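Student: Hey, got a minute to walk me through this structure with me? I'd like to start with the charged pairs and then move to the ligand.

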Amino acid sequence: MAAIAVSEITRVFLLDIEGTTTPITFVKDILFPYIRENLEEYLSAHWEEDECKQDVHLLKKQAEEDLRQNKACPVHAVDQTVHTDEEKAIREVVDNVLWQMAADRKSTALKQLQGHMWRAAYMTGKIKGEVYQDVVPAIRRWRHHGLKVYIYSSGSVEAQKLLFGYSVEGDLLDLFDGHFDTNIGAKVESKSYENIAERIGCQPEEIMFLTDVTREAKAAEDAGVNVAVVVRPGNMELNEEERNHYRIITSFNQLELSGNV
Ligand SMILES: CSCCC(=O)C(=O)COP(=O)(O)O
Ligand SMILES: [Mg+2]
């Protein structure tokens with residue numbers, strides 16, 4: 001397990017979740033099936049509540065945007081106001097959400113609804129957030145050295161806080177200085193990393209971003225952020241060019257600090 005030197009100017013670790021702190025299988029085999037299995041019942045139970053109305057409104061806006069961009073989705077779907085038949089309207093939202101999930105879309109609208117649905121599952125102990133065993137000790141070490149640690153995930157900030165707040169290792173929220181989701185911008189866009197640096201109050205070069213997705217790594221790199229690509233069991237395979245280009249780790253323990261902060 002080769003050590004990777006973390007640049008001396010690094011002040012901040014920015015961490016992806018799925019495939020980096022947390023197994024992809026937790027998201028694909030536990031979180032996402034929970035949504036598919038409970039979606040219709042959840043919408044029926046909460047349809048008249050403000051939070052649910054806002055979620056449906058956001059989905060409708062996203063569907064309109066998809067229509068403008070000619071994406072082949074069930075877009076006629078999610079207008080709460082034009083349907084008198086509530087069951088039909090709910091069915092159409094279900095179709096839209098399932099379509100987005102089948103395409104593994106990271107839209108803010110989808111992620112917001114998912115976060116709200118997972119809340120009850122975490123709070124009742126039905127679901128506990130999984131975290132790789134090297135993650136918590138490494139973050140504690142970094143914090144001990146005075147580094148700041150932030151999360152940047154496509155999952156909504158609320159969903160992130162649930163995952164770490166109700167984790168298999170207990171409440172881990174104290175480990176983080178803050179959370180970012182796609183409200184700051186998409187993870188595959190360079191500008192998002194500039195926005196994050198500005199929000200934290202540091203230079204992009206002072207951030208080290210850990211992710212399993214090379215499109216995200218490239219966007220961060222283009223913004224001047226340091227990156228390492230995380231290879232975990234079940235993550236997407238890297239091609240030869242990616243393996244040659246990126247610093248690669250299989251565990252956070254490989255990251256070696258020297259003289260940081
Ligand atoms: C943190 S909530 C569950 C994960 C999720 O919905 C997701 O899209 C994960 O994306 P990431 O950016 O963490 O790879
Ligand atoms: Mg990821």
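Tutor: Sure. A salt bridge here means a side-chain nitrogen of Lys or Arg within 4 Å of a carboxyl oxygen of Asp or Glu. Keep in mind that this is a predicted model.

Student: OK, how many salt bridges does that rule give?

Tutor: The count comes to 20. One of them pairs Lys-187 with Asp-16, and their closest N and O atoms are 2.5 Å apart.

Student: Where do Lys-187 and Asp-16 lie?

Tutor: Lys-187 is in the loop between strand E4 (178-180) and helix H7 (190-200), while Asp-16 is in the loop between strand E2 (12-15) and H1, so the pair ties together parts that are 171 residues apart in sequence.

Student: Switching to the ligand. Which residues come nearest to ligand 1?

Tutor: There are 13 residues around ligand 1, and the nearest are Asp-16, Lys-111, Ser-153, Ser-154 and Lys-187.

Student: And what about polar side-chain atoms by its oxygens?

Tutor: Asp-16 has a polar side-chain atom 2.9 Å from an oxygen atom of ligand 1. For Ser-153 the distance to a ligand oxygen is 2.7 Å, and for a side-chain N or O atom of Lys-106 it is 3.0 Å.

Student: How much of ligand 1 does the protein cover?

Tutor: It covers 98% of the 390 Å² of accessible area that ligand 1 has on its own.

Student: Which pocket is ligand 1 in?

Tutor: Ligand 1 sits in the largest pocket. Helix H1 (24-46) and helix H4 (108-123) are the elements giving two or more residues to the shell around it.

Student: What's the shell made of, chemically?

Tutor: It divides into 5 nonpolar, 3 polar and 5 charged residues.

Definitions and conventions: Residues numbered from 1 in each chain as written. Chains lettered and ligands numbered in written order. Predicted model: local features only at pLDDT ≥ 70, side-chain atom pairs only at ≥ 80, totals over all residues. Heavy atoms only, no water. Near = heavy atom within 4 Å. Polar contact = N/O pair within 3.5 Å; in protein donor to acceptor, adjacent residues only side chain to side chain. Areas by Shrake-Rupley, 256 points an atom, 1.4 Å probe, with all protein chains shown as cover. 1 Å grid on protein atoms, 1.4 Å probe; cavity = no way out; pocket = protein on both sides within 12 Å on 5 of 7 lines; lining within 4 Å. Sits in = over half its atoms within 2 Å of the grid points. Helix = DSSP H or I, 4+ residues; strand = E, 2+ residues; numbered from the N terminus. Nonpolar A, V, L, I, M, F, W, Y, C, P; charged D, E, K, R; others polar.
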